[in-house]
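Here are my notes on this one, as a set of numbered points. Have the structure open while you read, and tell me if anything looks off.

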Amino acid sequence: YYHPRWFIEYMTLLLGKSETLLLLKANNEGKQVWLRVASPAESLSITDIIHTLKKEGIIVVTDSDFPDVLQVVKAKKPPVLSSLFKQHIIVAQDKTSTAIGHILAPQEAPLIVDLACAPGMKFFHIATLMGSHSILVGIDLSAYRLYQMLPVLRAHRAKKQLHLICADSRYPPLKKKVVDRLLLDAPCSSSGYI
């Protein structure tokens with residue numbers, strides 16, 4: 001099943017042989033591609049976005065759970081080559097990743113903190129969902145990864161209060177008991193990527 005030996009051994013310890021075989025087999029099946037409406041232009045509705053993608057050979061359907069998520073049904077070219085992707089109107093983001101932003105319910109929270117915010121997919125999704133009076137603070141240990149977020153941050157800052165802090169999230173530079181919503185999606189040993 002083309003997985004590293006260490007991963008197979010580790011998963012066998014956790015799940016047993018039969019469950020591990022099912023997992024390895026599932027990892028080799030085709031992956032569903034999801035898109036998220038990142039920053040819709042004032043003049044573009046979801047219907048407009050779907051129509052534009054269709055003209056470019058990318059057939060999508062709206063997701064039944066989340067209004068800003070599109071499922072790619074068929075594509076003559078990768079969605080990342082579409083005009084809407086290049087304009088940052090859509091981004092490739094897995095549905096489970098977008099679910100986190102919706103579960104967090106940022107539109108109801110005055111202060112939201114993302115403790116491991118880089119590279120920023122969930123951070124910027126939260127920014128699109130949060131209320132106009134909310135404040136979103138992103139903390140990450142890597143200055144380089146935070147620096148890579150700056151171009152998108154500048155685009156969002158016109159309408160939202162967003163802040164990035166380079167710090168160790170184990171010791172966040174925040175006053176205790178002031179945070180309304182907190183997200184910690186900590187990086188792991190990369191086994192999650194497999």
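**Notes on the predicted model**

1. Let me start with the antiparallel sheet. Four strands make up an open sheet here, ordered 2-3-1-4, with antiparallel pairing. Strand 2 (58-62) and strand 4 (90-92) are the edge strands; each has a single partner strand, so one side of each is left without a neighbour in the sheet. On average, neighbouring strands are turned by 35 degrees against each other, direction ignored. Bear in mind throughout that this is a predicted model.

2. Now the pairing at one end of that order. Three bridges hold strand 1 (residues 34-37) to strand 4 in the antiparallel sense. Within this pairing, arginine 36 has valine 91 of strand 4 as its bridge partner. Helix 3 (residues 46-55) packs on the sheet and touches strand 1, strand 2, strand 3 (69-75) and strand 4. The direction of helix 3 makes about 155 degrees with that of strand 2.

3. Leucine 44 deserves a look, since you will pass it on the way into helix 3. It sits in the loop between strand 1 and helix 3. Is leucine 44 buried or partly exposed? Its relative accessible area is 22%, so leucine 44 counts as partly exposed; the cut-off for buried is under 20%. Setting aside neighbours within four places in sequence, leucine 44 contacts Ile49, Leu84 and Ile89. From leucine 44 to serine 64 it is 20 residues in sequence and 20 Å in space, C-alpha to C-alpha.

4. On to the N-terminal helix pair. Helix 1 (residues 5-15) and helix 2 (residues 17-27) have axes that come within 7 Å and cross at roughly 130 degrees. That angle makes helix 1 oblique to helix 2, and the crossing is right-handed. The helix 1 side of the contact consists of Phe7, Ile8, Met11, Thr12 and Leu15, which meet Lys17, Glu19, Thr20, Leu23, Leu24 and Asn27 in helix 2. Sorted by class, the contact has six nonpolar, three polar and two charged residues.

5. The other sheet is parallel. Again four strands form an open sheet, this time in the order 7-6-5-8 and with parallel pairing. Strand 7 (161-166) and strand 8 are at the edges, each with a single partner strand, so one side of each has no neighbour in the sheet. The twist from one strand to the next averages 15 degrees.

6. Inside the parallel sheet, strand 5 and strand 6 (residues 135-140) run parallel and are joined by four bridges. Aspartate 114 stands opposite glycine 138 in strand 6. Helix 6 lies across strand 5, strand 6, strand 7 and strand 8, at about 175 degrees to strand 6. Helix 7 also packs on the sheet, where it touches strand 6 and strand 7, and its direction makes about 170 degrees with that of strand 7.

7. How do those helices meet each other? The axes of helix 6 (residues 121-129) and helix 7 (residues 143-157) come within 11 Å and cross at roughly 0 degrees. Helix 6 is therefore roughly parallel to helix 7. Phe123, Phe124, Ala127 and Thr128 of helix 6 meet Met149, Val152, Leu153 and His156 of helix 7. By class, this contact has six nonpolar, two polar and no charged residues.

8. Helix 5 (residues 95-104) is worth a check for what covers it. Its buried residues are Lys95, Ser97, Thr98, Ala99, Gly101 and Leu104. The cover over them includes strand 1 and strand 3, and also strand 5 (111-114), helix 6 and strand 8 (181-183). Just after helix 5, alanine 105 takes a positive phi of about 50 degrees, so have a look at the backbone there.

9. Finally, the overall numbers. The chain has seven helices and eight strands, and 37% of its 194 residues count as buried. Its C-alpha atoms fill a box of roughly 50 × 50 × 30 Å along the principal axes. Among contacts in the chain with a separation of 6 or more, 68% come from residues 24 or more positions apart.

Key
Residues are numbered from 1 along each chain as its sequence is written. This is a predicted model: local features need pLDDT of at least 70, side-chain atom pairs count only at pLDDT 80 or more; totals for chains, interfaces and linings use all residues. Side-chain values use heavy atoms; hydrogens and water are left out. Two strands pair if DSSP finds at least two bridges between them. Helices (H or I, at least four residues) and strands (E, at least two) are DSSP runs, numbered from the N terminus. Axes are lines fitted to C-alpha atoms, for helices over the stretch in contact, and angles run from 0 to 180 degrees between N-to-C directions. Contact means heavy atoms within 4.5 Å. Angles under 35 degrees count as roughly parallel, over 145 as roughly antiparallel, 65 to 115 as roughly perpendicular and the rest as oblique. A crossing is left-handed if the near helix is turned anticlockwise from the far one by less than a right angle, and right-handed if clockwise. Ala, Val, Leu, Ile, Met, Phe, Trp, Tyr, Cys and Pro count as nonpolar, Asp, Glu, Lys and Arg as charged, and the others, Gly among them, as polar. Buried means under 20% relative accessible area, exposed over 50%, partly exposed in between (1.4 Å probe, protein chains only).
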